[in-house]
Amino acid sequence: MWVKHMNFSDIIGQKKVITSIKNSIRNDRVSHAYILEGSEGIGKQTIASIFASALMCEMEQDTDTKVGEPCLECKSCIKCQSGNHPDIKIIKDKIGIDTIRDFQKDIYIKPYESDRKIYIITHAEKMTVQAQNSLLKVFEEPPRYGVIILTVENASQLLDTILSRAILIRFQVHPQSEVELYLREEYPDLKEKIPVLAAFSGGIIGKAKAIATSEEFGQMRQEVIEIAGKFLNNSELEVLEATSYFVEHKAHIDSLLEFLLSWFRDVLLIKVLYNSDKVINMDMKNKLEVYANQVRTSAVERIIHVIIDIKKKISINTNYQLAIETMLMRSWEEIHGRSRNTF
């Protein structure tokens, strides 16, 4: 997870988060514990590693005028870049009571080379209650040189006693303009696809990167939109045959349903606001406008509710194939005025 040759100035967005962390370094007010909260792919691990590098940087320790950034050139920074600094430990994956007990023993051993010893615990909300209680003992009596950085998607899954003894820093999703800037700099060849990819990223740089490099993303989006087109002109039986597609791509169901939702939300936006400038599928404006002219607003609204409802049911392990068949059938019925108004 270690980022190479990066400091805070290389990060796009998250200005409040970065300013808060840099100020704590510059003012020598570094806490013993931080919780970095935000969606997967939003940059928590990247900023945690830069934070750790800055705390270990020899230039930051030797000068009275701290800048809060790793220099990337001193021996300590070079070790951080290679992931071999002896006083930085990363705890990840399955974190049970035994892992935290080992951490307890290790943190009370003084640093080998630096004035600090830093632990980054990723996906900390996945710790068992027993592990969290064990971690709490260190939070209550931390060694003066220890800094613990937890990264979580949802801080509410941590014990209140842990939350009360750490500084909580919340990451915000990026505006679409920032995501587009990132994509233009990293993937200039994508050109006209960039606004669409940025829209589907949900303001998360990591997700934007994943879909920009995915060969499946564009193909699956096109295939799902073709299925939405079948709701208009095909028979109910032909629409139900699309169930096999969703079964075959079950591993990607979250993305498939998001494609379908984005399509009908775009259609609704065009029908209600007569505005095609803010649609997500902006590379398909013409198709959206044609589609919007062939469906009733009430039908589109109910289809959106149907998809959201099925998405929830799938998340709680409802019969998958039956859920998909129900979604397809009810969507077709809404468009053709045969709705039973149940979902």
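Reader: What makes up the "about 600 Å³" quoted for the largest pocket?

Author: This is a predicted model, and about 600 Å³ of space lies in its largest pocket. A volume here is the space filled by probe spheres set on the grid points, so that figure counts the space those spheres fill.

Reader: How do you know that M6 belongs to the lining of the largest pocket?

Author: A lining residue has an atom within 4 Å of a pocket point. M6 is among the 22 residues lining the largest pocket, so M6 has an atom within 4 Å of one of its points. M6, T46, Y182, I205 and K209 lie nearest the centre. Two or more lining residues come from each of α2 (44-56), α8 (176-186) and α10 (205-212), and the largest share, four residues, is from α2.

Reader: Why is Y182, one of the residues nearest the centre, called nonpolar?

Author: Tyr is on the nonpolar list, so Y182 counts as nonpolar. Lys is on the charged list, so K209 counts as charged. The whole lining divides into nine nonpolar, seven polar and six charged residues.

Reader: And what makes S255 polar in the second largest pocket?

Author: Ser is on neither the nonpolar nor the charged list, so S255 counts as polar. S255 lies nearest the centre along with K207, I211, F217 and F259, in a lining of 14 residues. By class, that lining has six nonpolar, three polar and five charged residues. About 280 Å³ of space lies in this pocket.

Reader: Which element gives the largest share of that second lining?

Author: α14 does, with four residues. α10, α11 (215-233) and α14 (253-273) each supply at least two.

Methods: Residues are numbered from 1 along each chain as its sequence is written. This is a predicted model: local features need pLDDT of at least 70, side-chain atom pairs count only at pLDDT 80 or more; totals for chains, interfaces and linings use all residues. Side-chain values use heavy atoms; hydrogens and water are left out. On a 1 Å grid over the protein atoms alone, a cavity is a set of points where a 1.4 Å probe fits but cannot get out, and a pocket is an open set with protein on both sides within 12 Å along at least five of seven lines; lining residues have an atom within 4 Å of a point.
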